[in-house]
Amino acid sequence: MDHKEFNPKVIWAICFILIFSVMNVTMFNIAIPSIADEFSLLHSEVSWVTTGYSIIYALGSLTYGKLADRFPLKRLITIGIVTFCVGSIVGFFAQSYGMLLFGRFIQSAGASAIPALAMLIPARLVPQSQRGKALGTIASTIAFASGIGPIVGGFVTGAVSWNYLFLISLGTLLTVPMFLRWLPKEETRAGSFDFVGAALLGGGVVALLLAITNFVWWLPVISGGLFLAFGLWIRREAKETFIQPKLFRIPGIVTCLLISFLSGTAAFGIMIVIPTLLADVNGLDPVHVGFALFPAAMSAALLGRYGGKLADRRGNGFVVALAQTGILAGLLLLSSVSGHGPWMIAVSMAFVSIGFSFMQASITNHVSGLLPKETIGIGMGTFTLVNFLSGSISGAVMMKALDESAGARAVNPFAADVASGFSNVFLGMALLVVLNLWLVYRTFRGRRSGRTAERATAVQS
């Protein structure tokens, strides 16, 4: 691609649609308690507003990244934005929970184009000398949107209704003429797409989540069968498989994916559970739920960029361990203060949010360094897929655990009895982080020892 064709205005258009894409996730987290009340849903049932969205978002992000190797960027981004807006219109007019989910799923099918292409467009079009600045601007936009999402979601849900959250996303239509004009003309290239692999993986995840939220004996069997079929399918070593198995043979990749998955499982689900805790136990309306979550989101937005700088100075392993320690501290605090003042929950959430922000910066940096140059695109796409899938599974598991633990005694003696179920869920996630810390230690210990030996040899010589 000729960099002379690059128009700097494209970056601002990308930032504009990213605001809506990121807010679309955090806004609906705030609305979950209101949706559950309106349709008389269990915690596990209403979790599909976010978990279902995350599944499609995960698969779609990798799908658009692969399609971008064949089709013009302006065509893909236009299709994504239009689909996103069609889902928004469907959701706005939803009169049933089924129609609401249908609108969310269509939204996700379109919105998943935005993060995939937002990173691909600078990598492909922006000159190397300007690329760091462009990616920094995009990262700052994502952090800003994460911070204001809870405020906007709480205000709109409290002032009118959750339906109007869908209308906000229609603002992305304003960028379609911009992309059509500013993105360079490209030709369609030959190639193929692994629809079978995508369908097997997606079907396996959906069946797994259905088994968690509404257990029927044959659902785990179907899920296991689809995952097995997916594993056999990608072992064909075909060039266009949905996930290439050669990635898993790169030293350290599997362990890093597992660390990232466990971290996402502990942190992502909390962002779904906390609004429910604040609404059901503390009695906050959506507006005040948004204000309670705002400090944690903005703390992560403002401090998260220091995670990468710290990783450059102290190493990725140090920051990953530090991030896991912060998440663990936040979960233990949440388990202890559940049922107490909302400000205590807000402070505890800041530990989780900042820790997860540091985690993302350091583990992404580490994984990108492990990948050979020719596999960076596919490898990072797979890494993003694992992150989103961990969030979808985590949300379903935590909300189902809340249903099952209703009326149980709190294991943590500091928690209020009225929030015992929430306290136990947070404590369970804390144990998962302890396991992850052990895995981090085992993974990065050898690397740290290797670097020490190299420095000692250099000094002796």
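The paragraphs below walk through a pair of crossing helices, two threonines and the cysteines of this predicted model.

A good place to start is the meeting of two helices, namely helix 1, which covers residues 9-39, and helix 12, which covers residues 253-280. Their axes come within 8 Å of each other and cross at roughly 45 degrees, an angle that makes helix 1 oblique to helix 12. The crossing of helix 1 and helix 12 is also right-handed. On the side of helix 1 the contact is made by Asn-29, Ile-30, Ile-32 and Pro-33, while helix 12 contributes Met-271, Ile-272, Pro-275, Thr-276 and Ala-279. When these residues of the contact between helix 1 and helix 12 are sorted by class, seven are nonpolar, two are polar and none is charged.

One residue of that contact, Thr-276, deserves a second look, and its place is in helix 12. Is Thr-276 buried or exposed? Its relative accessible area is 2%, and because buried means under 20%, Thr-276 counts as buried. If the neighbours within four places in sequence are left aside, Thr-276 is in contact with Ile-32 and Pro-33, both of which belong to the helix 1 side of the crossing, and also with His-43, Val-281, Met-399 and Phe-422.

Another threonine, Thr-265, is likewise found in helix 12, and with a relative accessible area of 12% this residue is buried as well. Which residues does Thr-265 touch, not counting those up to four places away in sequence? They are Ser-390, Ser-394, Met-398, Met-429 and Leu-432. As for Tyr-97, that residue lies 168 residues from Thr-265 along the chain, and the C-alpha atoms of the two are separated by 26 Å.

The last topic is the cysteines, for which the reader may ask how many disulfides the model contains. The count comes to zero, where a disulfide would require a pair of cysteine sulfur atoms within 2.5 Å. Cys-85 illustrates the reasoning, because the closest cysteine sulfur to its own is that of Cys-15, and this lies 18 Å away, which is too far for a bond. Cys-85 counts as buried, since its relative accessibility is 3%, and Cys-256, at 0% relative accessibility, counts as buried too.

Conventions: Residues numbered from 1 in each chain as written. Predicted model: local features only at pLDDT ≥ 70, side-chain atom pairs only at ≥ 80, totals over all residues. Heavy atoms only, no water. Axes fitted to C-alpha atoms, helices over the stretch in contact; angles between N-to-C directions. Helix = DSSP H or I, 4+ residues; strand = E, 2+ residues; numbered from the N terminus. Parallel < 35°, antiparallel > 145°, perpendicular 65-115°, else oblique. Left-handed = near helix turned anticlockwise from the far one by under 90°. Contact = heavy atoms within 4.5 Å. Nonpolar A, V, L, I, M, F, W, Y, C, P; charged D, E, K, R; others polar. Buried < 20%, exposed > 50% of the residue type's maximum accessible area, 1.4 Å probe, protein only.
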